[in-house]
Amino acid sequence: MKRIGILTSGGDASGMNAAVRSIARSAISAGLEAYGINYGFAGLVAGNIRRLESKDMDGIIDRGGTILYSARFPEFAEEKTQLKGIEQLKKFGIDALVVIGGDGSYHGAERLTQHGFNSIGVPGTIDNDIPGTDFTVGFDTAVNVALDALDRINDTATSHQRTFVVEVMGRGAGDIALWAGIGADADAIVIPEREYDVKEIAEHLKRNYENGKEHGLIVLAEGVMSAADFKEQLDQYGDFDSRAITLGHVQRGGRPTAKDRVLASMFGDYAVRLLLEGKGGLAIGIRDNKLVATDIIDTLENHKHITDVSLLDLNDRLRF
């Protein structure tokens, strides 16, 4: 093996650049060449590929987004398109590929693996919804961005005796809502993984008001419904002077936290070491603070991400 390709795909996540840096420099230090593929699988098929030097990795570990850019490319689900991508990899003499991204990106790596091309998946998504790992690159940063916003919203809620319904990202997973909600002392956290009762939440807010807490905070995962729709339901059970806020894509950007930088660095280096051992078709993760590598096809087909809903019980015990 002489050359390793790197691409980022799907939604951007802070820490992707740290992963690119780690893969490229680990490959170069092992005597290999590293090639960056711009615009994800779309760039792969188009042959938008360039060699990466160690100096290109200077000053990117603290940058959000991805220097390799990203793009949605549903056409890669077609076999003829996958084969075009492999043709480009062969044209550039790339022997193996590391794909940084979420569920859709993993499926692209899975297809290449099925065609016999060594590919490894590195979990990079703010949603933390990838099976085979406790945490994904970008999740910790997104939680901290959301938490900062919730702290600021809490200030306004307190000043004006209002209840805020704040919708956070996460796609179909409630991890961001759980972690940010607990950190922000939310009165209720609503996630897709557990049933909820709007009337019960309203009654809880009323009891708080009776006991002297004249403001409220509800953290809502986007996979449940929109903040506006939830506010409409809540208002049917009382006059809370409520407001609906959607944090949106601000959660994806910004300087990655130390945890995301280190996690990305660990994942990237591990991917290169596995490829040097001749191993491919794997999904990298971390479980119980230990790096793991599982079969990417088995991981996608037979496992699913499990949100720790016990955190919801914790929040219920600690709320006012």
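Me: In this predicted model, which residue of β5 does V99 stand opposite?

Reply: V99 faces G121 in β5. That pairing sits within a longer match: β4 and β5 run parallel and are joined by five bridges.

Me: And what stands opposite V99 when I look from L7?

Reply: L7 has V99 of β4 across from it. The strands here are β1, residues 3–8, and β4, residues 96–101, which pair in the parallel sense over five bridges. Helix α1 (residues 16–29) packs on the sheet, touching β1, β2, β3 and β4, with a direction about 180° from that of β1.

Me: How do I read the whole sheet? What is its strand order?

Reply: Go across it strand by strand: β3-β2-β1-β4-β5-β10-β11, seven strands in an open sheet with mixed pairing. The edges are β3 (49–52) and β11; each has a single partner strand, so one side of each is left without a neighbour in the sheet. Ignoring direction, neighbouring strands are turned by 30° against each other on average.

Me: Back to β5. Is that strand enclosed or open to the outside?

Reply: Count the buried residues, where buried means under 20% relative accessible area. In β5 five of the five are buried, so the strand is largely enclosed by the rest of the structure. Side by side, S119, G121 and P123 point one way, while I120 and V122 point the other way.

Me: What about an edge strand? Which residue could I look at in β11?

Reply: Try D295, which has its place in β11. Its relative accessibility is 40%, so D295 counts as partly exposed. Leaving out residues up to four places away in sequence, D295 touches G281 and L282. A polar atom of the D295 side chain also lies 3.0 Å from the backbone nitrogen of I297. And for a sequence-versus-space check, D295 and G121 are 174 residues apart in sequence but 9.9 Å apart in space, C-alpha to C-alpha.

Me: Now phi angles. What sign does phi have in most residues?

Reply: Most residues other than glycine have a negative phi. So a positive one is worth a look, and N128 is a case, with phi near 55°. N128 is found in the loop between β5 and α5 (139–160). N289 is another non-glycine with a positive phi, about 65°, and it lies in the loop between β10 (282–287) and β11 (290–295).

Me: Are those two asparagines buried or exposed?

Reply: N128 is buried, at 2% relative accessible area, whereas N289 counts as exposed at 73%.

Me: How do I check a helix, say α9? How far does it reach?

Reply: Compare the end-to-end span with the one expected at 1.5 Å a residue. α9 (residues 258–276) has 19 residues and reaches 27 Å from first C-alpha to last, close to the expected 27 Å. Its buried residues include L263, F267, Y270 and L274. After α9 comes G278, with a positive phi near 80°.

Me: Last one: which residues touch the most other members of the largest nonpolar core?

Reply: That core has 61 residues, and the best-connected are I4, I6, V20, I100, I176, L217 and I284. Take I176: with residues up to four places away in sequence left out, its contacts include I126, F139, V143, V168 and M169. Another core, of 21 residues, lies apart from the largest one, with F76, V99, Y106 and I296 among its members.

Definitions and conventions:
Residues numbered from 1 in each chain as written. Predicted model: local features only at pLDDT ≥ 70, side-chain atom pairs only at ≥ 80, totals over all residues. Heavy atoms only, no water. Helix = DSSP H or I, 4+ residues; strand = E, 2+ residues; numbered from the N terminus. Buried < 20%, exposed > 50% of the residue type's maximum accessible area, 1.4 Å probe, protein only. Pairing = 2+ DSSP bridges. Axes fitted to C-alpha atoms, helices over the stretch in contact; angles between N-to-C directions. Contact = heavy atoms within 4.5 Å. Polar contact = N/O pair within 3.5 Å; in protein donor to acceptor, adjacent residues only side chain to side chain. Core = buried A, V, L, I, M, F, W, Y, C linked by side-chain atoms within 4.5 Å. Expected span 1.5 Å × (residues − 1).
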